[in-house]
Amino acid sequence: MILAPLPGHAPTMLLVADELDRRASTLAATAAVLARLRSRGTSWDSPAGEAFGRLLASMPPHLDLVVDRYAVAADALRHLAAVLEEEQAVIQRAVDEEIDARAHVDAIETEIIALLDLGVPRESVEVQGALTRQRAHLARIVDAQDRHRAAWERYAAADEMCTSRLRAAAEDRLADPLAYRGLHAIHDLGEGLAAVGAMAGAHPLVRALGVAGGALTVVADVGLLAGYREGDALGLAVDGALAFTGGLGSAFMRGATQGGRVLGGVVVVDRTLSVQARIRAGWGTVLKEAVNDLRPLARIGESVRTPIAWVPRFKEGAPKAFSALWLREKAALLTLEKQRAALSAQVALATAAGREARQLWFGGAALSVAAKVGDQVVDRIPMRGSPDPPVSSRVCQRAPGPPPRAP
Amino acid sequence: MAQLRVDPETILDLGRSLLLLSQETATEPDVAADRWAFGPGQAAAALDELLCGWRLERLRLAHSLYDLGDAAGCAGAAYVSVDEGVARLWGGTMS
């Protein structure tokens, strides 16, 4: 068994602890000033001062709890950092000694084999002397292993102690309620699924998962907005409207081509439909396609059991040395041709069905484009201060603008 | 009753401090980048939970601090304005 060094970096832990201490001190100092101003004898001589005094009185008494969180965390980290640094040194010495002792054991092993090959008897002074030296180095290995194990156990005990203190400090009135955590977990899951589903060339199953992910995110966001007034109602409305616009566009385009077919390049109109009937039929088609997209979800278990079925294979006799670029270009060209042909057929069908159907088709196409372009435009609008930008605990950045509204 | 007199600049400074504190509270300390430094134990995960597991109250507190800082700024500015008005009335100048 080769001994492993103990990973970690105590100076970085101390930097984190320093940052937490700084935050705790700032909060404690502010809490002390606010407590003095909130004392009974304070009076204010102006409407603005009185407004400030009223706000001060309604201030939630949470600052002390936050100070406790940061202070406890800083102290626990300092203790763990000290143990880590100390035991890391012990473990590193044990690792180095074990490597050195093993090298000696191997060298002596070679020496003994050479002596025996030369015909020197096993009981000779040379061989016995070599064996004694080898045993001494083996003892060094055992000793190094013992010191390594003991140091590792001391670190593990310190880590357990630190973890217990941190977990105990996290169980206060500030902790997020379970339902709130659940909504955030659903939001994160939905976002992840939607991102995977949006990847170009994704499998229909993955695309369907992406659709489900988008729906999950919206459900979670509505829950956060309704239950905790967290989030942006306008952003949510824009997202929903864009999704609806895209769906409406698809429905219009599908509805415009109802009642007709293309047979051998010739457009045949079977039925004359009103605009309302076309929109209803279009929605029906869109919904049916959505259900078809989701259908592979039901086959997940089956696909897991037979994964080989998902692997695409070349047919017998197909050329074996296609370049990846050539294949991609060919696929893109074929897709483009297919889309162009499908669009031409749709326009021909809608035109043959009458002026209203043609207008419906082009209106639907405009809405679909608007949904796609609008989505990109909304993504590019710079936000006024990220609601929760991550910062390094070492270099504490500050987000611009007021913090997000929470109840 | 003992009276505590607070000058306008102090209130203005308090407003600024509260606004800065509000921004700092609104941001979530991210220990993910430093996780490797904590060694192979559970401490990093527990610290992450301690620092990030109070988002709801953190955002409420940040907003309270922001409102308070804003109000302190208004109050401080009002007192400074009154002081300047009084000084002008008496023909003096304010630094």
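**Confidence and helix packing in chain A**

In chain A of this predicted model, mean pLDDT (the predictor's confidence in each residue, from 0 to 100) is highest in helix H4 (residues 125-170), at 95, and lowest in strand S3 (residues 390-392), at 36. Helices (H or I, at least four residues) and strands (E, at least two) are DSSP runs, numbered from the N terminus.

User: What makes residues 297-322 of chain A a stretch to treat with care?

Analyst: Happy to explain: pLDDT stays under 50 there, on a scale from 0 to 100. The model has eight contacts for this stretch beyond four places in sequence, a contact being heavy atoms within 4.5 Å. Over residues 378-401 of chain A, pLDDT is also below 50, with 47 contacts beyond near neighbours in sequence. Where pLDDT is low, the predicted coordinates should not be read in detail.

User: Why are H1(A) and H3(A) called roughly antiparallel?

Analyst: Their axes, lines fitted to C-alpha atoms over the stretch in contact, come within 8 Å and cross at roughly 160°. Angles run from 0 to 180 degrees between N-to-C directions, and those over 145 count as roughly antiparallel, so H1(A) and H3(A) earn the name.

User: What kinds of residues make up the contact of H1(A) with H3(A)?

Analyst: They divide into 22 nonpolar, no polar and six charged. Asp, Glu, Lys and Arg count as charged.

User: How many of the residues in chain A are buried?

Analyst: Buried means under 20% relative accessible area (1.4 Å probe, protein chains only), and 31% of the 407 residues qualify.

Residues are numbered from 1 along each chain as its sequence is written. Local features need pLDDT of at least 70.

Definitions and conventions. Chains are lettered from A and ligands numbered from 1 in the order in which they are written. This is a predicted model: local features need pLDDT of at least 70, side-chain atom pairs count only at pLDDT 80 or more; totals for chains, interfaces and linings use all residues. Side-chain values use heavy atoms; hydrogens and water are left out. Angles under 35 degrees count as roughly parallel, over 145 as roughly antiparallel, 65 to 115 as roughly perpendicular and the rest as oblique. Buried means under 20% relative accessible area, exposed over 50%, partly exposed in between (1.4 Å probe, protein chains only).
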